[in-house]
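Colleague: Please take me through the terms used for this model. For each one, I would like to hear what earns the label.

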Amino acid sequence: LTVPRITPPSRCRAGRAMPKKDDGTKKPASETVPDQRWKLQVFYVCFYGFMTQIRPGESFITPYLLGADKNFTQAEVTNVIMPVLTYSYMAVLVPIFLLTDYLRYKPVLVLQSLSHISIWLLLVLGTSVLAMQLMEFFYGITMAARIAYSSYIFSLVAPSRYQRMASYSRSTVLLGVFTSSVLGQLCITLGSVSFLTLNYVSLGFVSFGLILTLFLERPQRSLFFNRPEGAGDGAAPAELDKMARGDGGGGIRGWREAVLCRMLQEVGALTRQPQLRLWSLWWVFNSAGYYLMLYYVHILWNEIYPAMDNRQVYNGGVEAASTLLGAGASFAAGYVKIRWTL
């Protein structure tokens with residue numbers, strides 16, 4: 001649920017000096033922010049994470065595609081539309097991770113909100129298989145961009161608060177999914193609301209999420225590329241900070257200092273850390289496999305119980321139960337002592 005703070009290897013040097021004792025030197029920005037300010041920022045980030053998950057039509061996308069509204073065949077949904085989601089997610093995950101840190105979170109969160117709006121516009125207005133494939137591509141972008149929200153909170157608080165704040169942000173996201181699933185299920189079962197109407201409601205919520213995104217404060221620092229000097233941990237300035245000050249010449253050295261090359265160098269340096277390499281590969285394949293299972297199981301439910309009446313489709317109820325358990329586990333993880341080396 002949380003990531004231990006790891007000094008980027010591109011700045012590690014042999015014989016690095018031991019950390020100095022507290023002798024009145026300047027503390028990181030996260031340590032000097034007034035208590036009330038960082039608490040308000042964390043509260044808004046958690047509220048933002050909760051509200052952006054309110055998409056009551058999300059649990060019912062598969063029956064919506066297979067139903068009378070879109071009338072796609074099961075073979076089209078299974079073999080042509082759904083695969084785009086998982087593979088596009090894996091393709092854009094690393095580039096979006098790099099852009100998240102380099103652009104300092106907020107632009108990527110805006111991109112995520114715009115992708116959410118694109119998803120529901122295509123769901124409501126699209127009629128072709130190509131439109132649904134494009135919808136799944138935007139879904140892959142929104143899922144990859146979740147790392148921007150997950151890491152944003154680390155720019156607001158001191159490292160000593162990372163674990164607990166990460167548990168708060170994650171549990172609020174899952175509570176948002178729970179609320180969204182319950183709302184969708186109640187609308188379908190008790191209100192006899194159509195899947196199309198539910199998607200219009202979801203479009204309204206994701207549009208509101210874009211407005212919330214615009215009010216997020218853009219941090220002045222990030223974990224890898226935008227680290228100020230004197231950050232309190234003995235780290236040297238980021239490579240991109242050096243580039244921004246014009247440190248370097250032309251020719252071969254010039255293209256090596258291009259943003260893309262710096263990003264690739266950073267990735268290469270990070271992958272040389274066995275512990276971080278193992279965690280990163282686990283995250284990519286675990287999350288891609290999870291989403292693969294999550295959305296294909298909806299097709300399996302339809303195969304087992306092809307409900308002719310929308311009121312008997314219980315996708316929202318099942319997802320509400322599973323995410324509520326996940327929210328409880330995420331919250332509890334913030335209070336558990338974890339040996340990160342294991």
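**Labels and their grounds**

Colleague: Why is Phe285 called exposed?

Modeller: Its relative accessible area is 53%. The scheme calls a residue buried under 20%, exposed over 50% and partly exposed in between, with a 1.4 Å probe and protein chains only. Phe285 is over the upper limit, so the word is exposed. Phe285 sits in helix H13.

Colleague: What kind of model is this, and how are its residues numbered?

Modeller: The model is predicted: local features need pLDDT of at least 70 and side-chain atom pairs count only at pLDDT 80 or more, while totals for chains, interfaces and linings use all residues. Residues are numbered from 1 along each chain as its sequence is written, and side-chain values use heavy atoms, with hydrogens and water left out.

Colleague: What makes a run of residues a helix here?

Modeller: A helix is a DSSP run of H or I with at least four residues, a strand is a run of E with at least two, and both are numbered from the N terminus. By that rule the chain has 14 helices and zero strands.

Colleague: Which residues make up the nonpolar patch on the surface?

Modeller: Tyr87, Met90, Leu281 and Phe285 do, with about 440 Å² of accessible area together. Patch residues have over 30% relative accessible area and no salt bridge; nonpolar side chains (Val, Leu, Ile, Met, Phe, Trp, Tyr) are joined within 5 Å, like charges within 9 Å. Areas come from the Shrake-Rupley method with a 1.4 Å probe, and for residues only the protein chains shown count as cover. Helix H4 (74-102) and helix H13 (274-304) each supply at least two residues of the patch.

Colleague: Why does the pair Glu58 and Arg55 count as a salt bridge?

Modeller: The closest N and O atoms of the pair are 3.1 Å apart. The rule asks for a side-chain nitrogen of Lys or Arg within 4 Å of a carboxyl oxygen of Asp or Glu, so this pair qualifies. The count by this rule is one. Side chains of opposite charge can pair when their charged atoms come close.

Colleague: Are Glu58 and Arg55 buried or exposed?

Modeller: Glu58 has 13% relative accessibility and Arg55 has 1%, so both count as buried. Over the whole chain of 342 residues, 44% are buried.

Colleague: Which residues does Ser169 contact?

Modeller: Leaving aside neighbours within four places in sequence, Ser169 is in contact with Cys46, Tyr149 and Ile153; contact means heavy atoms within 4.5 Å. Ser169 lies in helix H8 (residues 162-189), and at 4% relative accessibility Ser169 is buried.

Colleague: Why is Gln312 called partly exposed?

Modeller: Its relative accessible area of 33% falls between the two limits, so the middle label applies. Gln312 lies in the loop between H13 and helix H14 (315-333). With neighbours within four places set aside, Gln312 contacts Tyr305 and Ala307.

Colleague: What makes a space a cavity, and how many of 30 Å³ or more are there?

Modeller: On a 1 Å grid over the protein atoms alone, a cavity is a set of points where a 1.4 Å probe fits but cannot get out; lining residues have an atom within 4 Å of a point. Points are joined across faces, edges and corners, and a volume is the space filled by probe spheres set on the points. The structure holds two cavities of that size. The largest has about 50 Å³ of space, and its lining includes Tyr48, Gln112 and His116.

Definitions and conventions:
On a 1 Å grid over the protein atoms alone, a cavity is a set of points where a 1.4 Å probe fits but cannot get out, and a pocket is an open set with protein on both sides within 12 Å along at least five of seven lines; lining residues have an atom within 4 Å of a point.
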